[in-house]
Amino acid sequence: MERKLILRGLLAGGAGGLAAFGFARIFAEPQIQAAIAYESGRDADQPPEPDLFSRTLQANVGLGVGMILFGVAMGAVFAVAYTICLGRVGRIRPRTLAMLIAAGGFLGFYFVPFLKYPANPPAIGHEETIRTRANLYLVMVVCSLLFLIAAVALGKLLRPRFGNWNATLLALAAYVVLIGAVMAVLPSLGHLAANVQEYGRHATETPLPLTDSHGTIVYPGFDADRLYAFRLYSVGAQLLLWGVIGTVFAPLADRLLRTPVQVAV
């Protein structure tokens, strides 16, 4: 049974990755291209570095393969979480459980960490802070997932005393408090960028306008609307990914779990 559920999770993840790739290719890729064009213009005085892979290859094959493989991986994680929760979180219908876990995956893996460290398009964000940003984002993902698991366990523990609804609210409140404390402790992207002279004392991670010695702007800052659009489409792609995983997996799992087990005599 577990193997069949995981296989269905892989299938749902592949479908979700394919859907997310289509969305990202149409909506997010133009923002990425604009960010790369901005960086090229900003660094026009520096010698160009040769690209190992063309932008066409990156935007189509690279992005597509990456999104599908990521979707398959998330589908496997989703199926494992579904198998663990099945029968252990109360009397929840298989379809409903699938959508709840998909929502938890979107929140825990992406959206909550995104609130602290929102996505930037490639070429936007100083290269000296890349490793630090990646490590901090990973800390947010780990904390978000651990607290989410702990919240589910807490809700189950409190259910007999407070009832299902109140226990859920208390567990959710505990999750918000804990993840909020982590967000408050971890440094902001602006704090990281302030250590880079190019961005100035009160800078953000997004490049500000370049000025000469007289304060005249010689190259504009990155378009805030472009950055907003990229982040919005990034959320949309992840929402589509997890939504498709839950939507595809739910009927497959429901049909599998409703099939009577044949017992050999």
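Two residues are in contact, or touch, when they have heavy atoms within 4.5 Å of each other. Keep that in mind for this predicted model, where arginine 226 touches Pro30, Gln31 and Ala34, leaving aside residues up to four places away in sequence. The chain holds six helices and two strands (DSSP runs numbered from the N terminus, with helices being H or I runs of at least four residues and strands E runs of at least two).

Some ground rules: residues are numbered from 1 along each chain as its sequence is written, and side-chain values use heavy atoms, with hydrogens and water left out. As the model is predicted, local features need pLDDT of at least 70 and side-chain atom pairs count only at pLDDT 80 or more, while totals for chains, interfaces and linings use all residues.

**The chain as a whole**

- Reading along the sequence, you meet the pattern α-α-α-α-α-β-β-α.
- Of the 265 residues in the chain, 36% are buried (buried is under 20% relative accessible area, exposed is over 50%, and partly exposed is in between, using a 1.4 Å probe and protein chains only).
- Take the contacts between residues at least 6 apart in sequence: 78% of them join residues at least 24 apart.
- About 15700 Å² of the chain is exposed, and carbon and sulfur atoms supply 66% of that (areas come from the Shrake-Rupley method with a 1.4 Å probe; for residues, only the protein chains shown count as cover).

**The nonpolar cores**

- A nonpolar core is a set of buried Ala, Val, Leu, Ile, Met, Phe, Trp, Tyr and Cys residues joined through side-chain atoms within 4.5 Å.
- The largest core has 25 residues, and the members that touch the most others are Leu5, Phe78, Tyr82, Ala98, Trp242, Ile245 and Phe249.
- Helices H1 (2–42), H2 (55–85), H3 (94–116) and H6 (224–258) each give two or more residues to this core, and H6 gives the most, with eight.
- Phenylalanine 78 touches Ala98, Ile101, Ala102, Trp242, Ile245, Gly246 and Phe249, again not counting residues up to four places away in sequence.
- There's also a second, separate core of 14 residues, with Tyr117, Cys143, Ala151 and Ile179 among them.

**Helix H4, the one with the kink**

- H4 (residues 130–185) has 56 residues, yet its end C-alpha atoms are only 19 Å apart, short of the 82 Å a straight helix would reach at 1.5 Å a residue (the expected span is 1.5 Å times one less than the number of residues).
- A kink of about 130° is centred on phenylalanine 162 in H4 (a bend is the angle between axes fitted to the seven residues ending at a residue and the seven starting there).

**Helix H3 and lysine 116**

- H3 has 23 residues and reaches 33 Å from its first C-alpha to its last, close to the 33 Å expected.
- H3 still bends by about 45° at leucine 107.
- Lysine 116 sits in H3 and counts as buried because its relative accessibility is 16%.
- The side chain of lysine 116 reaches the backbone oxygen of methionine 183 at 2.8 Å.
- Lysine 116 touches Met140, Met183, Leu186, Pro187 and Ser188, with residues up to four places away in sequence not counted.

**Helix H6 and the loop before it**

- Proline 220 is in the loop between strand S2 (217–219) and H6, and it counts as partly exposed because its relative accessibility is 48%.
- Proline 220 and proline 207 are 13 residues apart in sequence and 8.9 Å apart in space, C-alpha to C-alpha.
- Aspartate 223 caps the N-terminal end of H6, with a side-chain oxygen 3.0 Å from the backbone nitrogen of aspartate 225.
- The 35 residues of H6 should span 51 Å at 1.5 Å a residue, and its end C-alpha atoms are indeed 51 Å apart.
- H6 bends by about 25° at phenylalanine 249, and proline 251 follows within four residues.
- Arginine 226 lies in H6 and is partly exposed, at 34% relative accessible area.
- The C-alpha atoms of arginine 226 and alanine 34 are 7.9 Å apart, although 192 residues separate them along the chain.
- Aspartate 254 is in H6 too, and it counts as buried because its relative accessibility is 6%.
- The side chains of aspartate 254 and arginine 258 are joined by a polar contact of 2.9 Å (a pair of N or O atoms within 3.5 Å; within protein, one must be able to donate a hydrogen and the other to accept it, and residues adjacent in sequence count only if both atoms are side-chain atoms).
- Aspartate 254 touches Pro94 and Arg95, not counting residues up to four places away in sequence.
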